[in-house]
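Subject: Structure handover

Hello,

Here is the structure we spoke about, with my notes below it. Please look it over when you have time.

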Amino acid sequence: MDYSNLFVCLMGIGTVFLGLVCLVFLVMAMSAICRKTKAADTVPAAAAPVSAQPQADHSKKPELMAAIAAAIAEDMGTDISAVRIVSIKKL
């Protein structure tokens, strides 16, 4: 059984197109389900008082500091002993 090149090409394109259409509908369905569950889960919360200064978190793990220092030293191309971290701020 010998299929023509045009038939094979159209079957391939049609299969891909049908798969993409199915994927679009699945994503739309999941989006609708997520929106419904998110709306049901949200409970209005009382506004928490905001302090004038953000509290400093002094519980930084030494592993985090070591990982940041190692990344900076690698980027700079220097030894890790040449890197001194004074403070870490979340951006």
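How far does helix α2 (residues 62-76) reach from its first C-alpha to its last? The model is a predicted one, and in it the 15 residues of α2 span 21 Å, close to the 21 Å expected at 1.5 Å a residue. Gly-77 follows α2 and has a positive phi, near 80°.

Overall make-up

The protein chain has two helices and zero strands. Of its 91 residues, 3% count as buried. The chain exposes about 8800 Å², and carbon and sulfur atoms supply 68% of that area.

The nonpolar patch

A nonpolar patch on the surface is formed by Met-1, Tyr-3, Phe-7, Val-8 and Met-11. Together these residues have about 610 Å² of accessible area. Met-11 belongs to helix α1, which covers residues 5-41. Met-11 is partly exposed because its relative accessible area, 46%, falls between the limits of 20% for buried and 50% for exposed. Tyr-3, at 49% relative accessibility, is partly exposed as well, and Phe-7 is partly exposed at 39%.

Two members of the patch also have paired rings. The count of aromatic pairs comes to one. That pair is Tyr-3 with Phe-7, and it is stacked, with 5.3 Å centre to centre and 25° between the planes. It counts as stacked because planes under 30 degrees apart fall in that class.

On the spacing of such residues in general: an α-helix has 3.6 residues a turn, so residues three or four places apart point the same way.

Cysteines

How many disulfides does the structure hold? The number is zero. Cys-9 is partly exposed, with a relative accessible area of 41%. Cys-22 is partly exposed too, at 40% relative accessibility.

After α2

Arg-84 lies in the segment after α2. Is Arg-84 buried or exposed? Arg-84 counts as exposed because its relative accessibility is 75%, and the limit for that class is over 50%. Arg-84 and Ile-72 are 12 residues apart in sequence, and their C-alpha atoms are 9.8 Å apart in space.

To recap, the parts to look at on screen are the patch formed by Met-1, Tyr-3, Phe-7, Val-8 and Met-11, the stacked pair of Tyr-3 and Phe-7, and Gly-77 with its positive phi after α2.

Regards

Definitions and conventions:
Residues numbered from 1 in each chain as written. Predicted model: local features only at pLDDT ≥ 70, side-chain atom pairs only at ≥ 80, totals over all residues. Heavy atoms only, no water. Patch = residues over 30% accessible without salt bridge, like charges linked within 9 Å, V, L, I, M, F, W, Y side chains within 5 Å. Areas by Shrake-Rupley, 256 points an atom, 1.4 Å probe, with all protein chains shown as cover. Salt bridge = Lys/Arg side-chain N within 4 Å of Asp/Glu carboxyl O. Helix = DSSP H or I, 4+ residues; strand = E, 2+ residues; numbered from the N terminus. Buried < 20%, exposed > 50% of the residue type's maximum accessible area, 1.4 Å probe, protein only. Phe/Tyr/Trp six-rings, centres within 6.5 Å; stacked < 30°, edge-to-face > 60°. Disulfide = S-S within 2.5 Å. Expected span 1.5 Å × (residues − 1).
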